[in-house]
Amino acid sequence: MAKNIATIDPQSPCLTLINVYEVEPKKQAALAKALSESTENTIRHQPGFMSVCIHSSLDGKKIVNYVQWASKEHFEGFMKKPEMQEKLKQFAGLATSVTPSLYTVEAVHAE
């Protein structure tokens, strides 16, 4: 995978975590920054981490975090670490709600 480019490929066996955070507009930038800094400093160094994309809604009310892991086992190992649970609680504390879901890629359509 090229540096700083997420590859979305239905042939890849990777697992995708999509978190939708609802936020107060005044906290959107802080949450995006916290997600980005934690990813750069800690999360991207975890076994099986592949990529993350952080999206801020134009209305200021949501952040979508799209994270790719090499496998479900890698993701589960990440989730079991107490220090990671603390980070996830920090992110949730900036949001009014968070809805995480696990996915596989079924199809990609591009030009």
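The exercises below, each with a worked solution, concern a predicted model of a protein.

**Exercise 1. Set out the secondary structure of the protein, giving the numbers of helices and strands and the pattern along the sequence.**

Solution. Begin with the count, which gives 3 helices and 4 strands. Next, follow the chain in sequence order, where these elements appear as β-α-β-β-α-α-β.

**Exercise 2. Work out whether the radius of gyration of the protein agrees with that of a compact globule.**

Solution. First take the expected value: for 111 residues, a compact globule would have a radius of gyration near 13 Å. Then set the protein's own value of 14 Å beside it; the two agree. For the extent along the principal axes, the C-alpha trace spans about 40 × 40 × 25 Å. Finally, turn to the contacts: of those with a separation of 6 or more, 74% are accounted for by residues 24 or more positions apart.

**Exercise 3. Describe the surface of the protein and the placing of its charges.**

Solution. The accessible surface comes to about 7,100 Å², and 53% of it belongs to carbon and sulfur atoms. As for burial, 30% of the 111 residues count as buried. Last come the charges, 12 positive and 12 negative, whose mean positions lie 7 Å apart.

**Exercise 4. Explain why cysteine 53 is not bonded to cysteine 14, and state how far each of the two residues is buried or exposed.**

Solution. Start from the general point that a disulfide is a covalent bond between the sulfur atoms of two cysteines. The structure holds 0 disulfides, and cysteine 14, whose nearest cysteine sulfur is that of cysteine 53 at 11 Å, is accordingly in none. The cut-off needed here is 2.5 Å between the sulfur atoms. Because the sulfur of cysteine 53 is 11 Å from the closest cysteine sulfur, that of cysteine 14, the distance is too far for a bond. For accessibility, the limits are under 20% for buried and over 50% for exposed, with partly exposed in between. Cysteine 14, at 5% relative accessibility, therefore counts as buried, whereas cysteine 53, with a relative accessible area of 25%, is partly exposed.

**Exercise 5. Locate threonine 16 in the fold, decide whether it is buried or exposed, and name its contacts beyond four places in sequence.**

Solution. Threonine 16 has its place in strand S1, which covers residues 15-22. Its relative accessible area is 1%, so threonine 16 is buried. With neighbours within four places in sequence left aside, threonine 16 is in contact with Tyr66, Val67 and Gln68, and also with Ser101, Leu102, Tyr103 and Val105.

How values were computed
Residues numbered from 1 in each chain as written. Predicted model: local features only at pLDDT ≥ 70, side-chain atom pairs only at ≥ 80, totals over all residues. Heavy atoms only, no water. Helix = DSSP H or I, 4+ residues; strand = E, 2+ residues; numbered from the N terminus. Rg over C-alpha atoms; globule rule 2.2 N^0.38 Å. Buried < 20%, exposed > 50% of the residue type's maximum accessible area, 1.4 Å probe, protein only. Contact = heavy atoms within 4.5 Å. Areas by Shrake-Rupley, 256 points an atom, 1.4 Å probe, with all protein chains shown as cover. Lys, Arg positive; Asp, Glu negative; His and termini not counted. Charge placed at Lys NZ, Arg CZ, Asp CG, Glu CD.
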